[in-house]
Amino acid sequence: MDFHATKPMDIRAALKDGIAQLRAAQVASHTLAAELLLLHVVGRERAWLYAHPEELLSSVQEDALRALLARRAAGEPLQHLTGHQEFWGLDFEVNRHVLIPRPETEHVIEVALDRLALREVRAGRPQNTDGSGLMIADVGTGSGCIAIALAKELPKATIFATDISEAALAVGQRNAARHGVESRVLFGAGHLLDVVSDALSAAPSAAPNVVRQFHLVVSNPPYIGRRESATLQREVRDHEPEAALYGGEEGYELYGDLIAQASARLVPGGILVLELGYNSLPAVQPLLTDPAWVQVNVTNDLAGIPRVIAAERT
Ligand SMILES: C[S@@+](CC[C@H](N)C(=O)[O-])C[C@H]1O[C@@H](n2cnc3c(N)ncnc32)[C@H](O)[C@@H]1O
C-alpha cells in the first residue's frame with residue numbers, strides 16, 4: 001500500500017509548474033524567476049538543472065519551493081526570496097532593509113574610477129591605481145554595494161559609508177565582511193555626512209584636516225517622488241524600504257543638502273559623483289555651478305537616461 005498522497009516531483013516537472021504559476025501571476029521574467037527559485041531550493045548551479053531533469057525533489061524541497069513561488073506570485077522581489085543580488089560582479093546579501101542594487105548604479109562606479117584616473121593625469125602624477133591615501137565617502141550606502149565595489153577596485157583606499165538606517169548598515173557591514181574589506185569600509189549611522197563630523201571629532205588624530213578630507217564623495221540617494229509612488233511596480237513600492245526610495249514629495253529634495261555637505265567635505269580638486277533619478281537632472285544640475293564646482297559632466301545609462309552627474313570641487 002502506498003502512503004504517499006502524491007508522487008515525488010522531478011526537476012523537470014517542478015520547473016514547468018513553477019513557470020506556469022509565475023506566468024499566471026503575470027510575474028515579469030517568469031521563466032528565469034522559476035529557475036532561480038528552484039536552484040535556490042536545491043542549492044545547485046544552473047548547468048545542473050538541465051543536466052538532471054529526472055532528479056527527484058524531497059518533500060521538504062517541494063514545500064519550500066511551493067512557498068517561495070507563492071510569495072513571488074504575490075509580489076515579493078526574487079532577490080528577497082533568494083537573499084542575493086549581483087553587483088559589479090560581486091555577490092551581495094540583500095533583504096527588506098536595503099535597496100536591491102540596480103545595474104544602472106554600476107555607472108556610478110565607472111564614472112568615479114574614470115574621474116579619479118583623470119584627476120591624477122591632470123595633476124601630472126603617475127596614476128594612483130590602488131587608491132593609496134584616498135579617502136572616499138559613500139552616502140546612503142544601503143547594502144554597501146558602491147562602497148564595497150570601490151574598496152575592491154581601490155585596495156588601499158579608505159571608505160566611509162553612511163546611512164540613516166541602522167538596519168541597512170548591518171547588511172552593509174555583513175557584505176563588507178563577506179568581501180574581505182571590513183577593515184577599510186567604515187560604517188556610520190546618520191543624516192548624509194553628519195556622522196563623519198561626529199566620528200572625526202571623537203577621534204581627531206584620525207584625520208587632522210577635519211573640514212575637507214575626502215577625495216571622492218559618491219552617492220545614490222533616494223530620488224523617487226512620493227507623488228509618483230502609485231506608478232511604481234508593486235515589488236518596489238510594497239517591499240523595498242521607503243527611506244531608500246523616496247527623496248521627498250518631488251524626489252530631488254535631498255540633493256541640495258547632499259551637495260552642500262560634499263562641498264564642505266571635499267578637498268580642492270575632489271570629485272563628487274551622484275546617481276540621478278530619471279527626471280532629477282533639471283533640479284540637480286543648477287546646484288553644481290562655478291565657482292564651487294567645475295568639470296560638470298552627465299553620463300547617460302544604457303536606456304539613454306541622464307543617470308550620473310559628476311563634478312570637481314575647486
Ligand atoms: C537609493 S538607496 C541606495 C543604496 C545603495 N547605495 C545602492 O546604490 O544600491 C538610498 C539609501 O540612502 C539611505 N538614506 C535615505 N535618507 C538618508 C539620509 N538622509 N542620510 C543618509 N542616508 C539616507 C537609505 O536608507 C538607503 O539605504
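This passage walks through a predicted model, from its sheet to its ligand shell and a pair of helices.

The sheet makes a handy starting point. It is an open one, built from seven strands that run in the order E5-E4-E3-E6-E9-E11-E10, and the pairing is mixed. Two strands sit at the edges, E5 and E10 (293-300), and each of these pairs on one side only. Going from one strand to the next, the twist averages 15°. Helix H7 packs on this sheet, where it touches E3 (135-139), E4, E5 and E6. Compare directions, and H7 makes about 175° with E4.

Two of the strand pairs can be followed residue by residue. Strand E4, covering residues 158-163, pairs with E5, covering residues 185-189; the two are parallel and share five bridges. Within this pair, alanine 161 has phenylalanine 187 of E5 as its bridge partner. To get from E4 to E5, the chain goes through helix H8 (residues 166-178), giving a β-α-β crossover that is right-handed. Then there is E6 (residues 214-219), which pairs with E9 (residues 266-275), also in the parallel sense and over five bridges. Here valine 218 stands opposite valine 273 in E9.

Next comes the ligand. It is surrounded by 23 residues, and the closest of them are Gly140, Gly142, Ile164, Asn220 and Ala244. Which elements each supply at least two residues of this shell? They are helix H7 (145-153), strand E4 and helix H11 (242-245). So H7 and E4 turn up twice in this account: H7 touches E4 as it packs on the sheet, and both supply residues to the shell around the ligand. As for chemical character, the shell divides into 13 nonpolar residues, nine polar ones and one charged one.

The last stop is a pair of helices, H2 (residues 30-42) and H4 (residues 59-73). Their axes come within 10 Å and cross at roughly 145°, and the crossing of H2 past H4 is right-handed. On the H2 side, the residues that meet the other helix are Ala33, Leu37, Leu38, Val41 and Val42. H4 brings Gln61, Ala64, Leu65, Leu68, Leu69 and Arg72 to the contact. Sorted by type, the residues of this contact come out as nine nonpolar, one polar and one charged.

Definitions and conventions
Residues numbered from 1 in each chain as written. Predicted model: local features only at pLDDT ≥ 70, side-chain atom pairs only at ≥ 80, totals over all residues. Axes fitted to C-alpha atoms, helices over the stretch in contact; angles between N-to-C directions. Helix = DSSP H or I, 4+ residues; strand = E, 2+ residues; numbered from the N terminus. Left-handed = near helix turned anticlockwise from the far one by under 90°. Contact = placed C-beta atoms within 7 Å. Nonpolar A, V, L, I, M, F, W, Y, C, P; charged D, E, K, R; others polar. Pairing = 2+ DSSP bridges. Right-handed = clockwise from strand over helix to strand, strands pointing away. Near = placed C-beta within 6 Å.
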